[in-house]
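Here's a quick briefing to read alongside the sequence and the 3D view. It takes the sheet in one chain to begin with, then turns to a contact between two others.

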Amino acid sequence: MDNLIALAFSAFILQNIILTQFLGICPFIGVSTKRSSALGMGFAVIFVMLISSSVTWVLYTYVLETLDIVYMRTIVFILVIAALVQMVETFLKKVSPSLYKALGIYLPLITTNCAVLGVAVLNITNGHSFIEMLVYTTFIGLGFLFVIYIFSMMREKLGRAPVPKAFKGAPIALIVAAVLAIIFTRFGD
Amino acid sequence: MSGGLKSGLVLLTFGLICGLLLAVVNEFTVDKIAAEELRLKTQAIEEYYSLDEYYIEIEEFEEGNIDSIFYIKESEDSDEVYALAYSVSANGYGGAITALVVIENDLTVQDYKIISHSESGPGTVVTDYDFNYSQADSISSFDGIAGATYTSNAMREIFSTIADRVESDMGV
Amino acid sequence: MTKKENFLKGIFKENPIFVALLGLCPTLAVTTSLENAIGMTIAVIFVLVLSNFIISLIMHNDKLANLVKPVRIPVYIVVIATLVTVVEMLMHAYLIELYNSLGIFIPLIVVNCIILGRAEAFASENKPIDSVIDGLGMAFGFGLAIMLVSIFREFLGAGVLTIWKSLQVDLTFIFDFLRIEPIDMFIKPAGAFISLGFILAIIIAITNRFKARMAEKEKEVKSNG
């Protein structure tokens, strides 16, 4: 249990997926100009990440490893993620139109979001058990949501700030992200 | 034939071709990869005991935090272990820390060094920090890194794993 | 568009990192040393050029193209993922130190938007030879950008530039002359964000000035004529 708590804390803050592992930077910069879209993207990522990491973990441990074809990892994982995103999209559209309305437009963007494939691969390379995988993925996802949400609040303010012309948009966003990164990497010291 | 089925077959064919291609490349590289992984592991040991003079036997572990134990002997058929080297990992602050600990047969710690880590902040000094671990069968004299609790705990875990089993491994 | 223009557009006008802001993850993650950036560039050149070539070949065969069209994107992904796995295995076998330091960012080339983007936007509609040139230009544009960031970071953060394995340029004398230590924050995550932010701003400032000058020249030409 202690181990799981340490793993959760480390996944949430210390190994924060955006600020220290640099995964999912595209949505972090691209979809963080408004609070509502940051929340939508965050939840969509958690949702897809959990499903895809579970499926890829099971596939890897019970199919790829047993057949001794671990070199098919990248192909299988990315196809599974692409197919899952499609399925989630169709499923949501049918079952819960309101949720689809909230998350729908972010789902196609997620296929090429390196955070999802990254976490699926990290769960394998770190040698997580199934429970560890669930905890790690959940807290990595929550860390993503947390950071992108904080960042979107900062960017809403930045939009009105008198920033030099050359720094407008992405450059100033990156520099603000650096300040966040300093805070996050100093947490455990 | 329905469109969906046809598309599925096309995709499957592509998958199979690519899978075959990868199997071929894998066949070519798999031995080289294993050899390189081994070289990287023994490279660290060769700093202390050259392969020309000593014989190194490797025992690998799948579970637990010991990755491998290197038995350094004076010749291949000697029963006596001249020295031991442990490659042990533990979870630090930013991820796994892997250390190599070399122990002589009188249980003095010859040296320890960090093979890989992903620490940040004060934890980065782990690479050349003196933990004051000198007698292999006890870690009573352990000095942690100030301000880096996770890193220190990981190193303590690494050293105590070794202390627990070094005597029986050495056969004393 | 001539072949030269086709090649150069990837480096300047449509630079994937500085202009299109694609592939920022590896730009931040593997730029801790120049060597890592060079290794990443080699991997991306290999994958991008070959994927552009193969996809262009497939889409230029009418029969194949008709079959593939409905499942175009998954087929592209399979091709790219195969090439990435080949690179991964070759690097693991022949450049193991580099393989270890690039780590997860080698398999993640699959989801690098630059590669799928070029497949869809260029290779599927152009001749194989042009696609190869486009791939080379884009990969060089990506490579030069991450090398620039890594030079900035490694110089400020460690005072050296690691070109390949033990081949290093020691620049610490500059720090000695200024009587300061290298600022190791630049090697750390925060340094990645700051470096890229400033480099982007500098590049935007330069392009803005360049554009303004071009506009002025045009005006002059017009008023003279």
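Chain B carries an open sheet built from five strands, lined up as S1-S2-S3-S4-S5 with antiparallel pairing. Keep in mind that this is a predicted model.

**The sheet in chain B**
- Strand S1 (55–60) and strand S5 (109–116) of chain B sit at the edges, and each has a single partner strand, so one side of each has no neighbour in the sheet.
- Going from one strand to the next, the twist averages 20°.
- Strand S4 (residues 96–104) of chain B and S5(B) run antiparallel, and six bridges hook them together.
- If you want a pair to look up, try B:Val102, whose bridge partner in S5(B) is B:Asp111.

**The helix across the sheet**
- Helix H2 (residues 149–170) of chain B lies across three strands of that chain: strand S2 (66–73), strand S3 (83–91) and S4.
- Relative to S3(B), H2 of chain B runs at about 145°.

**Where chain C touches chain A**
- Chain C puts 33 residues into this contact, and chain A puts in 32 residues.
- On the chain C side, helix H2 (24–29), helix H5 (72–94), helix H7 (113–123) and helix H10 (189–224) each chip in at least two residues.
- Which helix gives the most to the side of chain C that touches chain A? That's H10(C), with 12 residues.
- What is the make-up of that side of chain C, nonpolar, polar and charged? The residues there split into 28 nonpolar, four polar and one charged.

Definitions and conventions. Residues numbered from 1 in each chain as written. Chains lettered and ligands numbered in written order. Predicted model: local features only at pLDDT ≥ 70, side-chain atom pairs only at ≥ 80, totals over all residues. Pairing = 2+ DSSP bridges. Helix = DSSP H or I, 4+ residues; strand = E, 2+ residues; numbered from the N terminus. Axes fitted to C-alpha atoms, helices over the stretch in contact; angles between N-to-C directions. Contact = placed C-beta atoms within 7 Å. Nonpolar A, V, L, I, M, F, W, Y, C, P; charged D, E, K, R; others polar.
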